[in-house]
Amino acid sequence: MAAEVINGKEIVSSIRGEIKQEVAELISSGTTPGLVVIIVGDDQASHVYVNNKEKACAQVGIKSHVHRLPADTSQEKLVKLIHKYNENPEFHGILVQSPLPKHINEEQVVDEITPGKDVDCFHPVNVGNLMIGKEGMLPCTPAGVMEVLKRIGVSPAGKHAVVVGRSNIVGKPMAMLLLREHATVTICHSRTPNLQDITRQADILVAAVGKANVIEDKHVKPGAVVIDVGMNRNAEGKLCGDVDFDAVKDIAGYITPVPGCVGPMTITMLLKNTLSSARRASLSGTAAGL
Ligand SMILES: Nc1nc2c(c(=O)[nH]1)N[C@@H](CN(C=O)c1ccc(C(=O)N[C@@H](CCC(=O)O)C(=O)O)cc1)CN2
């Protein structure tokens, strides 16, 4: 039987509707959530994502400010800008779009963001909190995947979840979030021998490799939930995920489309994190994390 293609647009629209209402309530209590996005360089895809973040903020009533900096911007200048927004109580979230130009040390830059305003959840303090299960900001893409599972009524508890990919942004935190929801989790990567022997055991299979069509029909157990985090261009320049959608859709129970699900969910979770940060600031009477 063919898989149910997860309607990402419907899920995104419903969550953004909820966020819009909560933002309006916060604004009426005197706090307008604010997000600053910093992008350095000319990476075209990154500019598309940042434009989408700006539009999404406007859609739900979050104030946003985007700094589009030239590719030769120094690390020192970037860090100074971050420090300025760390101190600015009107902005509750700070995000530096990745990737950065090669001359900038991304890890050092992220370390300069006040953890309370780190709406990407990339700062080591927030990564540590995620590891020990402390309440706080969750990384946007993995949080988006968890929200999709929740909205389609799939509980990870007691299931075997296999994550293919071990990046700091997606693979590792994804495994943590699934573990937190009581899945038995396996992480696979480029040096995993006999990949299909493991992925075929997955009730929930998350593909986060960054390479088109790595997951084929032979990798999937019949009826599995297949979540595609990939964002690649195929030989014809068409956007596609890590999963060979046409082959896998006849085997899986559920499958996410690319484009149209995990990407927009990532941005939706960014809105949610910015709202939470603003709410925390409003409750404590200080700027987030100060
Ligand atoms: N600071 C960050 N940098 C990056 C992140 C991140 O979470 N924080 N993730 C990715 C890029 N990304 C968000 O920034 C992102 C990628 C894709 C989409 C998206 O909506 N994709 C659409 C298709 C868009 C298109 O037409 O190209 C979809 O899947 O439907 C949103 C966000 C790396 N950098």
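## Domain arrangement

The centres of domain 1 and domain 2, taken over C-alpha atoms, are separated by 28 Å. The structure described here is a predicted model. In the domain assignment of the chain, domain 1 covers residues 30-114 and domain 2 covers residues 140-263.

Two features from UniProt, both from an unreviewed entry, can be set beside this assignment. The record places "domain: Tetrahydrofolate dehydrogenase/cyclohydrolase catalytic" at residues 6-120. That span is 49% helix and 16% strand, and its end C-alpha atoms lie 25 Å apart. The record places "domain: Tetrahydrofolate dehydrogenase/cyclohydrolase NAD(P)-binding" at residues 139-280. For residues 139-280 the content is 35% helix and 17% strand, with 17 Å between the end C-alpha atoms.

## The three-stranded sheet

Three strands in the order E3-E2-E4 form an open sheet with parallel pairing. Strand E3 (63-69) and E4 occupy the edges and have a single partner strand each, so one side of each is left without a neighbour in the sheet. On average, neighbouring strands of this sheet are turned by 15° against each other, direction ignored.

Seven bridges connect strand E2 (residues 34-40) with E3 in the parallel sense. Val-40 is placed opposite Leu-69 in E3. Helix H3 (residues 75-86) lies across E2, E3 and E4, and runs at about 180° to E2.

## The six-stranded sheet

A further open sheet contains six strands in the order E1-E11-E8-E7-E5-E6, again with parallel pairing. Strand E1 (4-5) and strand E6 (184-188) are its edge strands, each pairing on one side only.

Within this sheet, strand E7 (residues 204-207) and strand E8 (residues 225-228) run parallel and are joined by four bridges. Ala-207 stands opposite Asp-228 in E8.

## The ligand shell

The ligand is surrounded by 19 residues, of which the closest are Tyr-49, Ser-98, Pro-259, Gly-263 and Thr-266. By class, the shell comprises 11 nonpolar residues, seven polar residues and one charged residue.

At least two shell residues are supplied by each of helix H2 (44-60), strand E4 (93-96), helix H6 (140-151) and helix H10 (262-284). H10 provides the largest share, with four residues. Because domain 1 (30-114) and domain 2 (140-263) both give residues to the shell, the ligand lies between them.

## Backbone features in the loops

Two cis peptide bonds involve residues that are among the closest to the ligand, namely Ser-98 and Pro-259. The bond from Ser-98 to Pro-99 is cis, with omega near 5°. Pro-99 belongs to the loop between E4 and helix H4 (106-111), and E4 is itself one of the elements that supply at least two residues of the ligand shell.

The cis bond between Val-258 and Pro-259 has an omega of about 0°. Pro-259 is located in the loop between strand E11 (254-255) and H10. This loop therefore leads from a strand of the six-stranded sheet to the helix with the largest share of the ligand shell, and Domain 2 (140-263) gives residues to that shell.

Cys-121, a residue other than glycine, has a positive phi near 65°. Cys-121 sits in the loop between H4 and helix H5 (124-131).

Note on methods: Residues are numbered from 1 along each chain as its sequence is written. This is a predicted model: local features need pLDDT of at least 70, side-chain atom pairs count only at pLDDT 80 or more; totals for chains, interfaces and linings use all residues. A residue is near a molecule or strand if its C-beta atom, placed from the backbone, lies within 6 Å of it. Ala, Val, Leu, Ile, Met, Phe, Trp, Tyr, Cys and Pro count as nonpolar, Asp, Glu, Lys and Arg as charged, and the others, Gly among them, as polar. Domain bounds come from an automatic or database domain assignment. Two strands pair if DSSP finds at least two bridges between them. Axes are lines fitted to C-alpha atoms, for helices over the stretch in contact, and angles run from 0 to 180 degrees between N-to-C directions. Two residues are in contact if their C-beta atoms, placed from the backbone, lie within 7 Å. UniProt positions are given in the numbering used here, feature names are shortened, and annotations may be inferred rather than shown by experiment.
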